[in-house]
Structure formats: C-alpha cells, structure tokens
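Visitor: Before I use this model for anything, I would like a close look at a single part of it, with the side-chain pairings treated carefully. Please take me through the salt bridge and its setting in the chain.

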Amino acid sequence: MFYADLGMNYNPELAYAHPVVVLEEVGALVLIVPVTTSSDMVTAAYHPVDNPNGNKLLWRVYSTDGFSKTGAVILSNMRTISKGRLLDEHFAEI
C-alpha cells in the first residue's frame, strides 16, 4: 500500500493524495487500484459472503485481507501511473 498523488481528475475519479494498492510494476510505471474507507462505498461493495449482490466494481476488504480498516478497493479507478506519483508507503491507516 502506498499513498499516491493522483493529481486533479474529473468526477468520479479519485484525486490528489490517496491510498492505493500497487498491483504490478512495469518499468517506470505501476498499475494501481485506489482504496477508500468511505462508508457509502464500503456498504455498496461486493463481498462473496457479506454482500454477494454488491457492486462488483467495488470489493470490500477486511483486516483478514491485510488491511487495518474495513475498506473498498475501487476497481473502476484502476490505472497506470508513473512511479514518481508514489508518495509514501502506507500500511497503518487502511
């Protein structure tokens, strides 16, 4: 997990410094997926046991998945960014 500077974006993209999971490194680029703890998104997020009818573009994650808080991985905002946008490793808050 890292904080990444996602810059200014158009709604509904996430913007500015935001926690992300790095999925893959390709040269000077990384494939990332943002994570949120927004209660609306967590409630709507898919989980195979807790919310099988949830939004499958949002996946609910728990501490048993390696996160410190319940959150939602926002698959619809997955993208490739420059490694230079990675600000800091971020393990404690999400």
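Guide: The chain in this predicted model is built from one helix and eight strands, and from the N terminus on its elements follow the order β-β-β-α-β-β-β-β-β. Confidence comes before any detail: the mean pLDDT of the chain is 86, and 85% of the residues score at least 70. Among the elements, strand E4 (residues 45-46) has the highest mean pLDDT, 98, while strand E8 (residues 86-89) has the lowest, 79. Where pLDDT is low, predicted coordinates should not be read in detail.

With that in mind, we can turn to the part you asked about. The count of salt bridges comes to one, and the partners are the side chains of Lys83 and Glu25, with 2.3 Å from N to O. This pair links distant parts of the chain, since Lys83 sits in the loop between strand E7 (79-82) and E8, whereas Glu25 belongs to strand E2 (residues 17-26), 58 residues apart. The two partners can also be described by their accessibility: Lys83 counts as partly exposed because its relative accessibility is 33%, and Glu25 counts as exposed because its value of 54% is over the 50% cut-off.

Strand E2 also contains Val22, whose relative accessible area of 28% makes this residue partly exposed. Leaving aside residues up to four places away in sequence, Val22 touches Phe2, Val30, Leu31, Ile32 and Leu86. For one of these, Ile32, the C-alpha atom lies 4.5 Å from that of Val22, although the two residues are 10 apart in sequence.

The nonpolar cores come next. In soluble globular proteins, nonpolar side chains tend to be buried together. Here the largest nonpolar core has seven residues, namely Met1, Val21, Val33, Val35, Val61, Phe67 and Val73. Apart from that set lies another core, of six residues, which include Leu6, Val20, Ile32 and Ile81. Over the whole chain of 94 residues, 35% count as buried, and the chain exposes about 5700 Å², of which carbon and sulfur atoms supply 54%.

The salt bridge can be set beside the aromatic pairing, for which the count also comes to one. Tyr46 and Trp59 form this pair in an edge-to-face arrangement, with 4.7 Å centre to centre and 65° between the planes. Here too distant parts of the chain are linked, with Tyr46 in strand E4 and Trp59 in strand E5 (residues 55-61), 13 residues apart. Tyr46 counts as buried because its relative accessibility is 12%, whereas Trp59, at 36%, counts as partly exposed.

A further place to look is the loop between E5 and strand E6 (71-74), where Lys69 is found. Its relative accessible area of 42% makes Lys69 partly exposed. The C-alpha atom of Lys69 is separated by 9.8 Å from that of Thr36, and the two residues are 33 apart along the chain.

Finally, the contacts of the chain as a whole give a frame for these individual pairs: of those with a separation of 6 or more, 49% are accounted for by residues 24 or more positions apart. The pair of Lys83 and Glu25, with their positions 58 residues apart in sequence, links distant parts of the chain.

Terms used. Residues are numbered from 1 along each chain as its sequence is written. This is a predicted model: local features need pLDDT of at least 70, side-chain atom pairs count only at pLDDT 80 or more; totals for chains, interfaces and linings use all residues. Side-chain values use heavy atoms; hydrogens and water are left out. Helices (H or I, at least four residues) and strands (E, at least two) are DSSP runs, numbered from the N terminus. Buried means under 20% relative accessible area, exposed over 50%, partly exposed in between (1.4 Å probe, protein chains only). Contact means heavy atoms within 4.5 Å. Accessible areas come from the Shrake-Rupley method with a 1.4 Å probe; for residues, only the protein chains shown count as cover. pLDDT is the predictor's confidence in each residue, from 0 to 100. A salt bridge is a side-chain nitrogen of Lys or Arg within 4 Å of a carboxyl oxygen of Asp or Glu. Rings of Phe, Tyr and Trp (its six-membered ring) pair if their centres lie within 6.5 Å; planes under 30 degrees apart count as stacked, over 60 as edge-to-face and the rest as tilted. A nonpolar core is a set of buried Ala, Val, Leu, Ile, Met, Phe, Trp, Tyr and Cys residues joined through side-chain atoms within 4.5 Å.
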